[in-house]
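Thanks for coming. I will take one helix and its surroundings, and then the annotated positions beside it. The structure goes up now.

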Amino acid sequence: HQPHQSCHLILELQAASPQRQPQRRCRFCEKKPQLRRPKTGHAVCRDCFFWAFEAETHDTIVSSRMFSPGERVAIGASGGKDSTVLAYLLKTLNERHNYGLDLRLLAIDEGIAGYRDDSLDALRRTEVSLGLPLTIFTYRDLYGWTMDEVVRAAGRRSNCTFCGVFRRQALDRGAGHLKADKLATGHNADDVAETVVMNLLRGDAARLSRCADGVTHTGGGLPARCKPLKYAYEKEIVLYAYFKRLDYFATECLYAPAAYRGHARALVKDLERARPAALLHIIQAAEQIRFRTDARMPELDTCRLCGYVSSQPVCKACVLLDGLNSGNPRLAVGKSSACSAKQQQQRMLTDAGRNSAQCCGSAGARRGCSGSACAAAADS
């Protein structure tokens with residue numbers, strides 16, 4: 001595979017190895033230190049690093065009351081370092097601390113040739129090594145499109161808008177199919193800090209109010225989302241996977257460089273280099289934000305076409321699909337006026353009403369058919 005930033009992170013951390021530092025003993029024991037923790041700056045041996053990393057994750061889970069005994073937890077798995085470490089940790093901590101959880105791996109195949117197919121191969125090996133059942137859902141089955149087809153139709157400028165909306169809904173639908181009580185994702189401290197900065201730059205108060213939460217309840221019968229790694233630094237996740245010799249796929253998504261998140265990531269990385277604790281301070285600040293009780297927030301309802309949770313009569317996924325299927329994908333992501341957006345949604349509802357007696361399968365249901373058979377297929 002091509003070198004990924006995790007490889008560069010390992011080289012960067014090894015360059016600052018304990019041999020160049022005055023510490024001769026591990027912070028917690030008498031052994032020789034083997035690494036310096038990016039999060040705390042402590043020189044520690046490998047075993048103590050494992051102990052500290054796992055103990056901190058356990059503390060995050062317990063303090064946030066993420067799980068209850070007997071719950072089924074779907075782990076959003078991509079085959080990358082974050083989700084692989086998350087799956088390994090949850091299995092280890094579940095057995096060590098007797099959480100009593102039924103763990104399942106849930107993967108989404110976006111249909112990106114040369115990227116997702118290879119990462120799914122790594123994920124299948126993880127399924128065998130951890131002994132956790134794996135379920136895969138595809139964009140093709142859920143929406144009738146692959147991401148490669150979406151990029152060819154819409155261009156690379158807004159591909160992450162389509163993928164982000166589709167993937168979030170696909171994970172929720174997949175977790176519902178597994179009858180999961182919770183959906184655990186591999187978002188780390190870097191991801192959460194980037195999301196906080198992005199929501200600040202966008203002025204998105206609704207998302208800012210919940211993006212740093214360890215447990216997020218979406219509503220509408222959907223499983224709550226959990227972030228057990230929300231305080232874990234990306235560099236430490238890389239070190240943990242490296243020393244544990246976990247099998248993961250380390251190539252970045254082919255379309256990621258065009259994402260708006262890249263600007264927030266560059267800012268957060270600069271802050272981390274100047275002050276390593278900046279990541280935790282951003283997250284802790286976001287956790288303390290409180291909005292006025294009279295502040296207007298979107299009221300959640302359900303999409304009239306697919307039944308998914310939405311603050312509008314038609315959810316964003318259905319709007320994006322309508323743009324793709326009508327041959328005008330830019331319509332769904334452009335800066336259209338509120339009036340034209342309402343007209344588009346009204347047209348979609350009118351078209352769906354005309355086709356309500358027809359059935360065209362689960363992909364058809366996502367394209368606007370509201371027939372009972374299609375709705376049942378979409379829910380399954």
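**Helix 8 and its annotated neighbours**

I start with Asp 191, which is buried, at a relative accessible area of 17%; the cut-off for buried is under 20%. Keep in mind that this is a predicted model.

Asp 191 sits in helix 8. Outside the four places on either side of it in sequence, Asp 191 is in contact with Asp 82, Gly 186 and Arg 261.

One of those partners, Gly 186, lies in the loop between strand 6, residues 182–184, and helix 8. Gly 186 is also buried, with a relative accessible area of 13%. Its contacts, again leaving out neighbours within four places in sequence, are Asp 82, Leu 86, Asp 191 and Leu 229. So Asp 82 appears in the contact list of Gly 186 and in that of Asp 191.

What does the record say about these positions? An unreviewed UniProt entry carries the annotation "binding site" for Gly 76, Ala 77, Ser 78, Asp 82, Ile 108, Gly 186 and Asp 191. Such annotations may be inferred rather than shown by experiment.

Now the helix itself. Helix 8 runs over residues 189–202, and its 14 residues should span 20 Å at 1.5 Å a residue; the end C-alpha atoms are 20 Å apart, so the two agree.

Is helix 8 enclosed or open? Of its 14 residues, 11 are buried, so helix 8 is largely enclosed by the rest of the structure. The buried residues include Asp 190, Asp 191 and Glu 194, and also Val 192, Val 196, Val 197 and Met 198. The cover over the buried residues of helix 8 includes helix 3 (81–96), helix 9 (205–208), helix 10 (234–244), helix 11 (261–274) and helix 12 (278–288).

Next, the two ends. At the N-terminal end, Asn 188 caps helix 8, with a side-chain oxygen 3.0 Å from the backbone nitrogen of Asp 190. Just after helix 8, Gly 203 has a positive phi of about 70 degrees.

Last, the whole protein. There are 17 helices and 10 strands. Of the 380 residues, 50% count as buried. The accessible surface is about 18,800 Å², and carbon and sulfur atoms account for 50% of it. Among contacts with a separation of 6 or more, 70% are between residues 24 or more positions apart.

To recap, Asp 191 is a buried residue of helix 8, in contact with Gly 186 and Asp 82, and the UniProt record includes those three positions under "binding site".

Key:
Residues numbered from 1 in each chain as written. Predicted model: local features only at pLDDT ≥ 70, side-chain atom pairs only at ≥ 80, totals over all residues. Heavy atoms only, no water. Helix = DSSP H or I, 4+ residues; strand = E, 2+ residues; numbered from the N terminus. Buried < 20%, exposed > 50% of the residue type's maximum accessible area, 1.4 Å probe, protein only. Contact = heavy atoms within 4.5 Å. Areas by Shrake-Rupley, 256 points an atom, 1.4 Å probe, with all protein chains shown as cover. Expected span 1.5 Å × (residues − 1). Polar contact = N/O pair within 3.5 Å; in protein donor to acceptor, adjacent residues only side chain to side chain.
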